[in-house]
Amino acid sequence: MTDLEVVARGLAGGERSFEQLRCHPRLPLVACSDSERPAVHIWDCGAGQLRELGSVGFTSNAYGDARGWERAGRTPAVAWHPDQPLLVVAGEDGLRQWTPAGVSEPEGVPAFAFYRCLAFSPDGQTLWGSPSFREGGGGWESSDVLDLAAGTIGAGPRWDTGVAEHPGGGLVATLSSDQGATHCLFARVDQGSAPAVMRPLRRALILDCDGYETPLFSADGRHLAVRGNAYDNSVEVFEFPSLRRVLTTTLGDPSPGYPYPQEWLDQMRAWSRHNIAFGARPGALWIATPTGALVEVDLEIRQAVEHDVLPGSRLSALAATATGELLVAGSEGELVLLSVLSGSTRSCTANSDTSRAAAAAFLETTAEVPDDGDDLETHLVLTDGTRTWEADDLATTTAAGSTDPTWLQLQAAINAARVQCE
């Protein structure tokens with residue numbers, strides 16, 4: 001286990017606190033989503049300091065009592081350019097971009113588009129947006145591929161929630177969500193081609209229900225974490241490239257079933273949905289808690305230890321910087337930069353070699369979904385981290401127990417009803 005040292009402290013002005021932290025993948029910059037209104041604040045977290053650089057806001061109307069889908073529908077989506085100090089933000093008034101020179105409307109993209117999810121391609125030449133705003137795009141049924149240099153918009157595959165780039169390169173993970181089940185899809189990305197398009201692969205994870213956050217890869221590319229579930233505060237971690245599940249836990253009490261008691265709803269709201277991060281140390285997952293503590297989980301030896309960071313303040317967001325430091329936001333507007341002082345570490349070169357090998361190994365075990373594969377699910381080989389199903393398996397299974405995931409019980413019931421009707 002490790003020791004933590006406070007490197008710097010900051011304080012959001014006024015009544016603000018931050019509910020999500022998105023660190024730049026290579027530069028000491030972080031985008032902080034305002035908890036009170038549709039706005040994003042950009043901070044510098046380099047040189048042992050925390051300093052606010054600017055903000056991107058859309059309306060003066062606060063969130064107020066808006067919750068659930070109403071709140072999510074007003075929350076801005078953000079995407080960092082992989083190399084440049086450039087942040088694109090999608091909000092109620094369309095698209096904006098922040099650079100150190102100020103805020104402007106990005107060129108070559110439809111300013112009216114309120115994308116709920118944004119991501120840059122790994123080479124930074126293409127912006128991916130979901131749901132689609134192009135004519136005939138079908139909304140959530142597809143996505144937009146925006147060639148920033150040419151100013152053109154093309155078609156992309158269906159995805160939602162966010163896109164995570166594997167540190168080994170050439171591979172990304174995203175989600176395709178539905179109420180019954182969510183697919184964590186992996187896609188190959190051709191480097192250097194413009195526009196860059198996600199090409200879905202056959203191997204995929206299947207997660208119960210919906211309501212998940214963007215997948216998260218560890219720095220060495222050997223683990224993938226998924227936070228969420230609309231009915232539980234769940235965290236699941238999978239080995240990569242095997243996709244074997246090595247951790248599943250519920251933060252707080254599990255869902256009691258509908259109608260939900262008020263105490264359980266209050267507990268759900270107390271836990272941040274953006275409260276996990278991988279630091280520089282391989283095999284360690286960090287979880288921020290409502291009590292002001294960070295829980296360090298060693299995935300190799302299955303042990304956990306608590307570190308008091310902001311006692312008495314609910315931790316509202318957690319992220320890891322490009323250099324492996326931890327950035328924590330508190331419910332009273334605090335922003336704290338933490339350095340990991342001890343514990344097993346690996347050099348950047350070792351992490352890079354390991355991650356490239358993991359990405360290559362995964363790509364060798366799967367293939368791209370055919371370009372004419374309109375029905376994606378018929379091509380997927382799915383795993384929940386324990387069992388694996390070919391598409392034909394799920395089309396014919398009629399048996400599922402009460403301990404099986406909800407999606408499998410529903411699939412078995414539908415298949416059984418179909419058999420009776422034949």
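Helix α2, which spans residues 262-270, contains three buried residues: Trp264, Gln267 and Met268. These residues lie on the same side of α2, because they cover an arc of only 100 degrees around the axis. The structure is a predicted model. The briefing below turns to an open sheet of four strands, a separate strand pair formed by β20 and β21, one cavity, a pocket of about 960 Å³, and several individual residues.

**The four-stranded sheet**

- Strands β10, β11, β12 and β13 form an open sheet in the order β10-β11-β12-β13, and their pairing is antiparallel.
- The edges of this sheet are β10 (117-120) and β13 (152-156), each of which pairs on one side only.
- From one strand to the next, the twist averages 25 degrees.
- Four bridges connect β10 with β11 (residues 126-130), and the two strands pair in the antiparallel sense.
- Within this pairing, Leu118 has Gly129 of β11 as its bridge partner.
- At the other end of the strand order, β12 (residues 143-147) pairs with β13 over five bridges, again in the antiparallel sense.
- Asp147 has Thr152 of β13 as its bridge partner.
- β12 and β13 form a hairpin with four residues between them.
- In the turn of that hairpin, Gly151 has a positive phi of about 70 degrees.
- The loop between β11 and β12 holds Pro131.
- Ser130 and Pro131 are joined by a cis peptide bond, with omega about 0 degrees.

**The hairpin of β20 and β21**

- Strand β20 (residues 234-239) runs antiparallel to strand β21 (residues 245-250), and five bridges join the two.
- Val237 has Leu247 of β21 as its bridge partner.
- Five residues stand between the strands of this hairpin, where Leu243 takes a positive phi near 65 degrees.
- Pro241 is also found in the loop between β20 and β21.
- The peptide bond leading from Phe240 to Pro241 is cis, with omega near 20 degrees.

**The cavity**

- The structure holds one cavity of 30 Å³ or more.
- The volume of the largest cavity is about 40 Å³.
- Its lining consists of Pro157, Arg158, Trp159, Thr174, Leu185, Phe186, Ala187, Met198 and Pro200.
- Two elements, β16 (181-189) and β17 (198-208), give two or more residues to this lining.
- β16 gives the most, with three residues.
- By class, the lining of the largest cavity divides into seven nonpolar residues, one polar residue and one charged residue.

**The second largest pocket**

- The second largest pocket has a volume of about 960 Å³.
- It is lined by 39 residues, of which His183, Asp375, Leu376, Glu377 and Leu380 lie nearest its centre.
- The elements that give two or more residues to the lining of this pocket are β13, β16, β17, α4 (391-396) and α5 (406-421).
- The lining of the second largest pocket has 20 nonpolar, eight polar and eleven charged residues.
- β16 and β17 therefore appear in two linings: they give two or more residues to that of the largest cavity, and they do so for the second largest pocket as well.**Individual residues**

- Asp190 lies in the loop between β16 and β17.
- Asp190 counts as partly exposed, because its relative accessibility is 31%.
- The C-alpha atoms of Asp190 and Leu171 are separated by 8.7 Å, although the two residues are 19 residues apart along the chain.
- Ala47 lies in the loop between β4 (39-44) and β5 (51-57).
- Phi of Ala47 is near 55 degrees, a positive value in a residue other than glycine.
- Ala47 has a relative accessible area of 78%, so this residue is exposed.
- Thr161 lies in strand β14, which covers residues 160-165.
- Thr161 is also a residue other than glycine with a positive phi, near 80 degrees.
- With a relative accessibility of 25%, Thr161 counts as partly exposed.

Terms used:
Residues are numbered from 1 along each chain as its sequence is written. This is a predicted model: local features need pLDDT of at least 70, side-chain atom pairs count only at pLDDT 80 or more; totals for chains, interfaces and linings use all residues. Side-chain values use heavy atoms; hydrogens and water are left out. Two strands pair if DSSP finds at least two bridges between them. Axes are lines fitted to C-alpha atoms, for helices over the stretch in contact, and angles run from 0 to 180 degrees between N-to-C directions. On a 1 Å grid over the protein atoms alone, a cavity is a set of points where a 1.4 Å probe fits but cannot get out, and a pocket is an open set with protein on both sides within 12 Å along at least five of seven lines; lining residues have an atom within 4 Å of a point. Grid points are joined across faces, edges and corners, and a volume is the space filled by probe spheres set on the points. Ala, Val, Leu, Ile, Met, Phe, Trp, Tyr, Cys and Pro count as nonpolar, Asp, Glu, Lys and Arg as charged, and the others, Gly among them, as polar. Buried means under 20% relative accessible area, exposed over 50%, partly exposed in between (1.4 Å probe, protein chains only). The arc is that of the directions from the helix axis to the C-beta atoms.
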